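Please look first at the sequence and the structure shown here, and keep both in view while reading the paragraphs that come after them.

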Amino acid sequence: MHTFGKQEHLCSIPEIQKLFHEGKSFFRHPVKLYWLPGNWAGKPVAKVIVSVSKRNFKKAVDRNFIKRLLRECYRRNKVIVEDGLTGKRCIVALVYSGKEIPEFKSLEPIIIKLLERLVKEYETTAG
RNA sequence: UCAACGUGUUCUGUCGCUUCCGGUUGCAGAACCGGAAGAGGAAAGUCGGGGCAAUACAGGGCGCCAUACUUCCUAACGGGAAGGUUCCGCAGCCGGCGGAAACAGCAAGUGCCACAGAAAAUAACCGUCUUGUCGCGACUUGUCGCAACAGGAUAAGGGUGAAAAUGUGGGGUAAGAGCCCACGGCUCAGGUUGGUAACAACCUGCGCGGGUAAACCUUAUGGAUUGAAAGACCAAAUAUACCGGAAGGUUCUGCCGAAAGACAGAACAGGGAGCUGCCCGCUCCUUUCCGGGGGGUAGGUCGUUAGAACCUUAUGGCGACAUAAGGGAUAGAUAAAUGACAGGAGUCCCGCAUUAGCGGGAAACAGAACCCCGCUUACAACGUUGAACGG
């Protein structure tokens, strides 16, 4: 139910490059969300990648921690996307662009808002 | 306080991640269930060295780079062990202890040495001594003294400086000087003794040359380059060299042929692209379909986790370490797993009580990326050991 396995990760290099070059994005401090509609036949509704800038966090420990938080937030709230976009497919990137190490409790509501907005935007652009 | 070494919190619940094993369903791709394992002493910096891999490579010289007291250890190292020398510290000397060293050569050549100083390396500014000329003075009348100018000798004294030409004493001399002598210091050469050696002690002899090689350089030794994104293999889609099969407008020419026809070339038609808002026009290109197929992209598999490894004991060695015997072993990700939340336990700190206790807070440095051996740097708290001496 609340799984976040390998299938739901976005791993293909060309797809990632396409997402960051052509994808639409919106921002809610301190996380930026990129997205594009996908067109595969398989199971997951969304493939997700998380990213933290090396410029803001020099230590690998800090970057790993933030990525784990982002992944955890998505895992707990991905029902929003699965219910909102049944039958559709999309690829998503969550980029942390803040400069301080966040806490789980403050980060989770932001992710919820972002995912709700993603569902709305997808419906207005795709029809 | 400093230095060295060691340890580097832990348990339960809920949800979740990666790998492996087992089971169920399914033709299969997969899905689900259960179980096991899952970051460090530095995983870091990527600074040495090696394994491994690819490429290059007759042999030699020059060049370039690295290293630089000695012996030993090691697969190897710029690492380590033991020892030597010099310097520093323990208020002075000797011993002892501790620490530091880019510790081969400036006595092979070349260069450089700020400021100050006459001068920074073929030393003469002041001073000291002396010769000549001219002048002045003295008197015992051809000597002495003083001053100026010109020349010579001199490294004893002065001041400058980080550093000024071997130190002290004596002789010597016009004044001086290793010029000579005594006792020292240092360099080189030779020898004796001890030591594997660096070196130390002593003896003899030539000598006295300032510093600087993290200046060029000289000597000796070593050195191919790249780096797991190395490299090996499998390989969708799309385009396609090449091969096979089928179909392939009209006319003319050449060639083969009796003919049918095949091949080649040209023109026209057709198709496509460009110029343009459109037409005309001009330029360029020229079969189509099906099958095979090589290289090769996305992606995947291997490399890829048992290794010069670790632990214990014994033996050898001052020691680094070596040898032998025995023992325990599952991290393998790849836009990159090892987590989040909640609640305890232990440790430390603060406050209140100062006997149990209560409340609050803190837990560093830091995240495997082919694998090893080192070095360097970071580090809360706790534990162990050592440290400022003798005559």
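What follows goes from the confidence of the model to the surface near the RNA, and then to a strand of the protein.

The model is a predicted one, and its scores are an ipTM of 0.85 and a pTM of 0.73. For chain A, the mean pLDDT is 82, with 94% of the residues reaching 70 or more.

The surface near RNA strand B can be taken up next, beginning with its residues. There are 22 residues around RNA strand B, and those that come nearest are K6, I49, K59, R68 and R75. By residue class, this surface near RNA strand B divides into nine nonpolar residues, six polar ones and seven charged ones. Three helices, α1 (13-22), α2 (60-77) and α4 (104-126), each supply at least two residues of the surface near RNA strand B, and the largest share, eight residues, comes from α2.

Seen from the side of the RNA, the atoms of strand B within 4 Å of the protein belong in 74% of cases to sugar or phosphate, while the rest belong to bases. Individual atom pairs give this picture some detail. In the side chain of K59, an N or O atom is 2.8 Å from a phosphate oxygen of RNA strand B, whereas at A60 a backbone N or O atom lies 3.4 Å from a phosphate oxygen of that strand. R75, which is among the residues that come nearest to RNA strand B, has a side-chain N or O atom 2.7 Å from a sugar or linking oxygen of the RNA.

From the RNA, the reader can turn to the protein itself and to strand β4, which spans residues 90-96. How many of the residues of β4 are buried? Seven of its seven residues are, and the strand is accordingly described as mostly covered. The side on which each residue lies can also be followed along the strand: C90, V92, L94 and Y96 point one way from β4, while I91, A93 and V95 point the other way, and all of them are buried.

Two strands pair with β4, and each can be traced through its bridges. Strand β2 (residues 31-37) runs antiparallel to β4 and is joined to it by seven bridges, with L36 having I91 of β4 as its bridge partner. Strand β3 (residues 46-52) pairs with β4 in the parallel sense, over seven bridges, and here V50 stands opposite L94 in β4. I91 and L94, the residues of β4 named in these pairings, point in opposite ways from the strand, and both are buried.

How values were computed. Residues numbered from 1 in each chain as written. Chains lettered and ligands numbered in written order. Predicted model: local features only at pLDDT ≥ 70, side-chain atom pairs only at ≥ 80, totals over all residues. Heavy atoms only, no water. Near = heavy atom within 4 Å. Polar contact = N/O pair within 3.5 Å; in protein donor to acceptor, adjacent residues only side chain to side chain. Helix = DSSP H or I, 4+ residues; strand = E, 2+ residues; numbered from the N terminus. Nonpolar A, V, L, I, M, F, W, Y, C, P; charged D, E, K, R; others polar. Buried < 20%, exposed > 50% of the residue type's maximum accessible area, 1.4 Å probe, protein only. Pairing = 2+ DSSP bridges. pLDDT = per-residue confidence, 0-100.
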